[in-house]
Amino acid sequence: MPAAAPQTTWVDGHGAINPRAFKQAMRAVAGSVAVLASEHDMIGLCGITATAVCSFSAEPPSLLACVNRSSTFAAAIREGVAFSVNLPAGDQEDVARAFGGMTKAKGVARFSSGSWVRGESGAPLLVGARAMFECRVAEIIVRASHMIVIGIVSGVALDRADRSPVFYAHGRFLTVGDAN
């Protein structure tokens with residue numbers, strides 16, 4: 001006998017999906033973790049942890065990142081400053097936590113997690129990350145609570161690409177064994 005269909009009580013009387021239920025369901029999607037960082041003259045150093053980051057095109061090399069509009073990072077890159085996309089290695093989960101707001105560190109204090117250097121664009125780069133991309137903003141598309149940022153990649157560095165990545169699923173960070 002087939003199993004019963006899961007009960008869904010997530011739709012309100014107007015046919016709209018409950019945002020909380022949507023967020024809970026999306027927690028089942030495992031996403032690769034990236035730490036985005038920038039520096040703005042007035043705002044200073046800022047950054048976030050994101051899972052909605054992917055390649056956009058190879059010619060020109062570009063990527064796409066979805067960023068909450070209310071974040072300090074969003075305010076900085078709206079001004080067109082350079083930013084970095086850093087893919088932390090499995091032993092850099094503490095950096096992902098700090099930039100994900102899971103510690104007491106706020107603003108520039110988040111940069112005390114991990115070791116950071118400036119790239120050629122001036123964007124902060126996470127030393128020891130699996131890969132680091134330096135980007136400039138090509139386009140920003142605003143939709144609802146988020147911005148879709150298309151960044152043209154101006155530089156790439158591979159430090160520990162063979163190391164295990166950090167993923168986020170079910171409300172927690174996960175790592176797998178080394179890729180070697």
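Here are a few notes on this predicted model, going from the whole chain down to one small sheet.

1. Overall make-up. The chain runs to 180 residues, and 38% of them count as buried. Its secondary structure comes to 3 helices and 12 strands.

2. Contacts. Take the contacts between residues at least 6 apart in sequence: 61% of these join residues at least 24 apart.

3. Surface. About 10,300 Å² of the chain is exposed, with carbon and sulfur atoms supplying 55% of that area.

4. A nonpolar patch. Have a look at I17, F22, M26 and V29, which together make a nonpolar surface patch of about 380 Å². V29 sits in the loop that links α1 (19-26) to β1 (31-32). Is V29 buried or exposed, or something in between? Its relative accessible area is 47%, so V29 is partly exposed. Patch members need over 30% relative accessible area, and V29 has 47%.

5. The sheet with β1. Just after that loop, β1 (31-32) joins an open sheet of 3 strands, ordered β1-β11-β12 with antiparallel pairing. β1 and β12 (172-175) are the edge strands, each pairing on one side only.

6. How β1 pairs. Which strand does β1 pair with in the antiparallel sense over 2 bridges? That would be β11, residues 166-169. If you want a spot to check by eye, S32 stands opposite F167 in β11. As a reminder, strands of a sheet pair through backbone hydrogen bonds.

Notes. Residues numbered from 1 in each chain as written. Predicted model: local features only at pLDDT ≥ 70, side-chain atom pairs only at ≥ 80, totals over all residues. Heavy atoms only, no water. Helix = DSSP H or I, 4+ residues; strand = E, 2+ residues; numbered from the N terminus. Buried < 20%, exposed > 50% of the residue type's maximum accessible area, 1.4 Å probe, protein only. Contact = heavy atoms within 4.5 Å. Areas by Shrake-Rupley, 256 points an atom, 1.4 Å probe, with all protein chains shown as cover. Patch = residues over 30% accessible without salt bridge, like charges linked within 9 Å, V, L, I, M, F, W, Y side chains within 5 Å. Salt bridge = Lys/Arg side-chain N within 4 Å of Asp/Glu carboxyl O. Pairing = 2+ DSSP bridges.
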